[in-house]
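This briefing introduces a protein chain to a reader who is new to structural models. Please keep the sequence and the structure in view while reading the points below.

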Amino acid sequence: MQAIREFINDKMVMNRDLLLLLIIGGLYSLGIFLSNTFVNIYIWKQSGDYITIAIYNLAAYIFQAITFIIAGRLAKKVDRIIVLRLGVIFLALFFLSVLLIGNHASTFNFLLGSLLGIGYGFYWLAFNVLTFEITEPDTRDFFNGFLGILQSFGGMIGPLLAGIIISNMKANIGYTTIFTISLFLFICSIAISFLLKRRSAEGNYEFFQVLKERKNNKNWKRILHAHFFQGLREGVFAFVISIWVFVLTQSEFALGIFNLYLSGISIVLYFIATKYIKPSARKKAVLIGSILLSISSFIFLFPINFIYLIVYAIIIGIAYPIINVPYVSLTYDVIGHARNAKQLRIEYIVVRELFLNIGRIISITIFIFIAHLYSAVRVIPILLVVLGTAHLFIYLYVKNISLGSHKKREILIKDQITDEKDR
C-alpha cells in the first residue's frame, strides 16, 4: 500500500483537474457497474429472451454513435464540461426511467437502450476529450492505468454489493435500491464537475475532414481499424457473459462473485501495467493481452459451468489491463501526431468512437440475425469464439504504427497542442 501511495503522490504533483477527472470517472464506474450489469438481468428476468437483451444493447450503441457526432459539434460551440454534465444527466434519467417503468422494462427495451446510449455518447465524448487535454505524454499511461484501477474497483465492489442487496431483499425492492444508489452517484458526479476548469473550443466542426484524414495518415487509419475490431468483440461479449452467469446460477450474488474475480485481478494488473509497461513495450503488451483474450474465448466450446466462467474471468482480468493501458495511450499519441490535432482534437475523438461503435453494432446485428435463424444456446459459443479473436487484429494494425522517438513525439505533440494553461 505504501508503494501505491508514493506512486500516486509522485504522479499527482498536483494536477487538480486530472485528480477531479479521475474522481468523476471513479463515481461513474461505480454507478454503472452497480446497476447496468443488472439492468440486463432485470430485462432478462422479464423476457427470458436473448434477442430482447440484444436489441436493448443495440439501441444503446446506435444512439451512442449518433450522440457522439452531435456531442462533438456541441463541444465545439460550448464548454466541454457542459457536455460531460449532459451525459451524466441522461444517465441519471436512464436509471430514473428504469425505476419508473419497473416491470415493463423488457417492453421498453429499445427506449431504455436509447437513453443509455445518449448518456454514454455525451459522457464519453467529453471525458475522452478532457483526458486528451488534461494529460501529457508522460502522464497519459498513469492516468489510463489509474482510471483502470478505479474502474476495476467499481467493477469489483459494484456488482458484488448489488448482488448482496438484491439477494437479501424481496421482489424488485433490491433492484429499486441499486438503481436509486446509481442515480445518487451520478448526481455527485455532476456536482464535482463544477470544480473542473472550464474548457471552451474554437473553430468549425470538421467531422468529415477528420474522417477523410485516414486516406492521408496511415497511423490514423490503422488505429481506426483497430478500434473497429475492438468493438466487434465487445458488442456481444458486453451482455452475453453476464446473462450466462445468471442463467447457470439463477443468482445475482453469483454474478457479483464473477465480477469480484474479474475486477479484483484487474486492479492488481492495472497497477502493474501502469508502473512497468513503458512506451517502448506497448505493442508487445498489446500482443500478449490479445493472445490471452483470444485463448479465453475457446473456453466456451466446452460444456459451460460456473467454474469455467470464473476461469474466464481470471484470464480476462489479466488480459484487459495489459492491453488497455498501452493501447489507449498509443491511441492518444496517434491523435496527438495527427494533422491539426490542436484544432480538431474533438473531431478525432468522435471519429475514433464512431469506428468503435460501428464494430459493436455489427457484432450485435450478427448475433440477432443468427439467433433468429438458429437456437441461440447452440450458436452463441461458436459466435463467441469467432468474435473473441477480434483483438488479434488490433495488434496486426497497431504493430505497424510508427511515431518516432519518444523525444521527438513530445516535441511534436507540444507543437500541435497548446500547453496546460491554454487547454
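The term pLDDT denotes the predictor's confidence in each residue, on a scale from 0 to 100. The model shown is predicted, and the mean pLDDT of its protein chain is 83. The points that follow treat confidence, the nonpolar core, the surface and three salt bridges in turn.

**Confidence**

- In the protein chain, 90% of the residues reach a pLDDT of 70 or more.
- Confidence is highest in helix α3, residues 50-77, where the mean is 92.
- Confidence is lowest in helix α16, residues 406-416, where the mean is 35.
- Over residues 405-423 the pLDDT stays under 50, and for this stretch the model has 39 contacts beyond four places in sequence.

**The nonpolar core**

- In soluble globular proteins, nonpolar side chains tend to be buried together.
- The largest nonpolar core in this model has 144 residues, and Leu125 and Phe367 touch the most other members.
- Helix α12 gives the most to this core, with 16 residues.
- Leaving aside residues up to four places away in sequence, Leu125 touches Phe68, Ala71, Gly72, Ala75, Val83, Tyr120, Ile346, Ile349 and Val350.

**Nonpolar residues at the surface**

- Phe298, Leu301, Phe302, Tyr308, Ile382 and Val386 form a nonpolar patch on the surface, and together they have about 590 Å² of accessible area.
- Phe298 is placed in the loop between α11 (282-297) and α12 (306-337).
- Phe298 counts as partly exposed because its relative accessibility is 39%, and partly exposed residues lie between the cut-offs of 20% and 50%.
- Leu96 belongs to helix α4, residues 80-101, and its relative accessibility of 35% likewise makes it partly exposed.
- Leu96 and Ile366 are 270 residues apart in sequence, and their C-alpha atoms are 31 Å apart in space.

**Salt bridges**

- The count of salt bridges comes to six, and three of these pairs are described here.
- The side chains of Lys45 and Glu252 meet in a salt bridge, with a distance of 3.0 Å from N to O.
- Because Lys45 lies in helix α2 (residues 16-47) and Glu252 in helix α10 (residues 252-276), this pair ties together parts that are 207 residues apart in sequence.
- Is each partner of this pair buried or partly exposed? Lys45, at 46% relative accessibility, counts as partly exposed, whereas Glu252, at 7%, counts as buried.
- Arg339 forms a salt bridge with Glu213, and their closest N and O atoms are 2.9 Å apart.
- Arg339 lies in the loop between α12 and α13 (341-373) and Glu213 in the loop between α8 (207-212) and α9 (218-249), so this pair ties together parts that are 126 residues apart in sequence.
- Arg339 counts as partly exposed at 42% relative accessibility, while Glu213 is buried, with a relative accessible area of 5%.
- Arg360 forms a salt bridge with Glu234, and the closest N and O atoms of the pair are 2.8 Å apart.
- Arg360 in helix α13 and Glu234 in helix α9 are 126 residues apart, and their pairing links distant parts of the chain.
- Arg360 counts as buried because its relative accessibility is 12%, and Glu234 counts as buried because its relative accessibility is 17%; the cut-off for a buried residue is under 20%.

Methods
Residues numbered from 1 in each chain as written. Predicted model: local features only at pLDDT ≥ 70, side-chain atom pairs only at ≥ 80, totals over all residues. Heavy atoms only, no water. Helix = DSSP H or I, 4+ residues; strand = E, 2+ residues; numbered from the N terminus. Contact = heavy atoms within 4.5 Å. Patch = residues over 30% accessible without salt bridge, like charges linked within 9 Å, V, L, I, M, F, W, Y side chains within 5 Å. Areas by Shrake-Rupley, 256 points an atom, 1.4 Å probe, with all protein chains shown as cover. Salt bridge = Lys/Arg side-chain N within 4 Å of Asp/Glu carboxyl O. Buried < 20%, exposed > 50% of the residue type's maximum accessible area, 1.4 Å probe, protein only. Core = buried A, V, L, I, M, F, W, Y, C linked by side-chain atoms within 4.5 Å.
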